[in-house]
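Biologist: Please take a close look at one part for me, the surroundings of the ligand. Then walk me from there through the rest of the chain.

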Amino acid sequence: TAAAAPDAVRVNQLGYLPNGPKRATVVTTATTALPWQLRDATGAVAASGTTVVRGADAASGDSTHLVDFSSYRGRGTGYTLTVDGRVSHPFDIRADLYDGLRADTMNFFYQQRSGIPIEASLAGGAAYARPAGHLGVAPNQGDTAVPCQAGVCDYARDVRGGWYDAGDHGKYVVNGGISVWQTVNSFERAKRAGHQAALGDATLRVPERGNRVPDVLDEARWELEFLMRMQVPEGKPHAGMAFHKIHDAQWTGLPTRPEQDSQPRELHAPSTAATLNLAAATAQCARVFAPYDKAFAARCLASARRAWSAAKAEPDVLAPDSDATGGGAYGDARVGDEFYWAAAELYATTGERRYRDAVTSSPFHTSADVFTPLGFAWADTAALGRITLATVPNGLAAADGARVRASVVSAADGYLAAMGRQGYAVPLPADGYVWGSNGQVANNASVIAVAYELTGQRRYRDGALEALDYLLGRNALGQSYVSGYGEQASRNQHHRFWAHQADASLPNPPAGSLAGGPDSALQDPVAEEKLVGCAAAKCYIDDIGSYSTNEVAINWNAPLAWLAAFAAER
Ligand code: 9MR
């Protein structure tokens with residue numbers, strides 16, 4: 001029949017785990033079940049069956065069928081799935097499927113490092129090498145002595161290092177905090193799970209490999225050192241708070257290599273949100289780094305305590321949405337969630353009563369809507385505190401602890417239910433295609449994975465893995481949103497250095513870079529021109545100019561790296 005679309009059979013273009021779920025979506029208007037065949041690399045039929053008719057999918061407008069070949073137990077490369085004469089992209093079925101993605105998604109952070117030369121041998125080739133950016137070497141004007149925006153302070157600070165946020169060269173404490181938390185949380189989880197490969201030294205491509213500290217922590221430390229430099233020093237107004245962000249005075253053009261950025265750099269006013277992000281990230285640091293570097297852990301804890309006290313003293317210094325010239329605003333008008341997150345981290349690390357009181361008296365401790373359908377994000381961080389309290393041993397009363405853990409499982413049930421309603425099994429509501437929707441997908445999938453840890457129930461592991469299927473090609477566009485992974489993978493993400501589409505002498509984004517994903521609000525000129533009338537789940541274009549759908553960002557790669565590490569556990 002002609003009912004199936006040309007690229008009708010949507011699979012995870014990387015593949016499937018032998019002991020994981022194996023599902024595909026078929027785009028077809030056929031109203032009765034269709035036969036499917038799984039073929040191995042030789043073309044032989046390895047398994048077959050019939051589809052399940054699912055009907056209309058709200059977010060994409062597609063009519064879909066489901067193929068479930070989870071019971072297939074073979075392994076190999078070059079499988080395809082055929083339905084109604086349409087053949088899927090090829091994929092693998094193997095146990096080590098996610099090892100490469102785990103390493104590449106973490107290498108993204110190395111390549112986003114500011115203030116250090118990026119080495120060809122670590123970055124995957126000469127095309128990715130570049131001199132250190134923003135060390136005060138002309139034409140750079142920062143970040144070794146950065147003044148404040150007019151009226152904010154009368155001194156300069158050394159805020160070198162850290163990770164560039166995204167395709168731009170800004171460094172934002174609120175987004176750095178959530179991203180580094182997820183990176184360290186991934187390590188903390190791997191440790192509980194005994195996942196040796198994720199715990200080791202010399203398992204990632206970082207310059208510190210071989211220093212007897214796990215590489216994931218080496219990478220995280222690069223950001224943590226920067227975050228601590230953003231703390232206002234003693235003796236100055238707002239001492240102990242964190243500057244909200246540091247970025248260029250004016251937006252730079254694309255492409256701009258980091259070391260060629262000639263814009264003045266500026267510190268923006270301290271905020272309560274940034275201060276609490278710093279407190280949360282450094283409190284977690286103190287706990288997780290303690291076995292590896294006591295002095296650094298102590299420095300983190302001191303920073304966390306200072307930040308907490310400073311935030312208590314100035315609890316409502318809010319970063320405005322309007323401050324968006326030369327960098328993103330990262331405005332946040334509500335900081336109760338950040339208070340809860342910071343209190344939870346400080347409590348889990350110290351066990352001290354004052355932090356426990358701050359946890360238990362927070363409205364977010366009992367609120368049922370900490371885990372929203374859209375999911376947590378840089379501005380909505382209460383869920384991070386809940387996850388820590390649910391997974392790190394602490395002194396909460398037994399019933400309270402049980403309630404905290406149950407809240408994570410019930411959130412996961414909600415995300416699984418959302419997946420079940422959709423043709424592409426995405427843990428987002430149909431109206432959830434916001435700027436960075438792929439980050440929301442990955443965050444929600446990580447909550448499902450935490451529920452697996454708490455319950456041991458297979459359906460949660462399956463759900464987290466199935467969300468990876470969505471990001472890797474089983475979606476409304478048949479697009480793998482992860483560069484280098486899949487036959488139809490994003491390659492023109494918005495980035496000032498990985499800008500091949502704008503300048504052929506520059507590279508495409510390295511393997512393992514996640515695009516922001518569909519954003520139904522069409523918030524950039526390319527999207528406004530090319531995506532008019534798109535169904536929400538299809539509002540994406542692999543064009544370097546579409547920063548609202550196709551940028552990379554540390555807070556999207558962090559949960560993808562988290563999930564890849566989870567999927568690589570065995
Ligand atoms: O991820 C951010 C998203 O939630 C906001 O809606 C958007 C507009 O303010 O900004 C996104 O963050 C961008 C930041 O402002 C600047 N660096 C790139 C980030 C990813 O696009």
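Modeller: One definition comes first. A residue is near a molecule if its C-beta atom, placed from the backbone, lies within 6 Å of it. Keep in mind that this is a predicted model.

By that rule, the residues around the ligand include Asp165, Ala166, Asp168 and Gly170. Gly328, Ala329, Trp435 and Gly436 are also among them. Gly516, Tyr547, Glu551 and Ala553 belong to the list too. How many residues of this shell are nonpolar, polar and charged? Five are nonpolar, four are polar and three are charged.

Now step back to the domains. The domain assignment gives domain 1 as 4–93. Domain 2 comes in two pieces, 99–478 and 551–568. The centres of the two domains, taken over C-alpha atoms, are separated by 35 Å. Their contact takes 20 residues from domain 1 and 18 residues from domain 2. On the domain 1 side, two elements each give two or more residues: strand 1 (4–10) and strand 3 (23–28). Strand 3 gives the most, with three residues. That side of domain 1 divides into seven nonpolar, seven polar and six charged residues.

Strand 3 deserves a closer look. Is strand 3 mostly covered or mostly open? It is mostly covered, with six of its six residues buried. Arg23, Thr25 and Val27 point one way. Ala24, Val26 and Thr28 point the other way, and all of these residues are buried.

Strand 3 also has partners. Strands of a sheet pair through backbone hydrogen bonds, either parallel or antiparallel. Strand 1 and strand 3 run antiparallel and are joined by three bridges. There, alanine 4 has threonine 28 of strand 3 as its bridge partner. Strand 3 also pairs with strand 7 (residues 63–68), in the antiparallel sense, over five bridges. In that pair, valine 26 is matched with histidine 65 in strand 7.

Strand 4 (residues 35–39) gives a contrast between faces. Trp36 and Leu38 point to one face and are buried. Pro35, Gln37 and Arg39 point to the other face and are not buried. Strand 4 runs antiparallel to strand 5 (residues 45–50), with five bridges between them. One bridge links proline 35 with threonine 50 in strand 5. The two strands form a hairpin with five residues between them. In the turn, glycine 43 has a positive phi of about 90 degrees. Strand 4 also pairs with strand 8 (residues 76–83), again antiparallel, over four bridges. Here tryptophan 36 stands opposite valine 83 of strand 8.

Further along the chain is another sheet. It is open, has three strands in the order 13-15-16, and is paired antiparallel. Strand 13 (171–172) and strand 16 (265–267) stand at the edges. Each has a single partner strand, so one side of each is left without a neighbour in the sheet. Strand 15 (residues 245–248) and strand 16 share three bridges in the antiparallel sense. Isoleucine 246 has leucine 267 of strand 16 as its bridge partner.

Next, look inside. The largest nonpolar core holds 167 residues. Ala279, Ala342, Ala343, Ile448, Ala464, Leu471 and Leu563 touch the most other members. This core draws at least three residues from each of domain 1 and domain 2.

Two of those alanines lead on to helices. Alanine 343 touches Tyr355, Ala358, Val359, Ser362 and Gly385, not counting residues up to four places away in sequence. Gly385 is one of the buried residues of helix 11. Nine of the ten residues of helix 11 (residues 382–391) are buried, so this helix is largely enclosed by the rest of the structure. Its cover includes helix 3 (173–193), helix 8 (336–350) and helix 10 (363–366). Helix 12 (398–421) and helix 13 (437–455) also help to cover it.

Ala279 leads to alanine 311. Leaving aside neighbours within four places in sequence, alanine 311 is in contact with Thr272, Thr275, Leu276 and Ala279. Alanine 311 sits in helix 7 (residues 294–313). Why does alanine 311 count as buried? It has 28 other C-beta atoms within 10 Å, and the cut-off for buried is 20 or more.

Notes
Residues numbered from 1 in each chain as written. Predicted model: local features only at pLDDT ≥ 70, side-chain atom pairs only at ≥ 80, totals over all residues. Domains from an automatic or database assignment. Contact = placed C-beta atoms within 7 Å. Nonpolar A, V, L, I, M, F, W, Y, C, P; charged D, E, K, R; others polar. Pairing = 2+ DSSP bridges. Core = buried A, V, L, I, M, F, W, Y, C linked by C-beta atoms within 7 Å. Buried ≥ 20, exposed ≤ 12 C-beta atoms within 10 Å, placed from the backbone.
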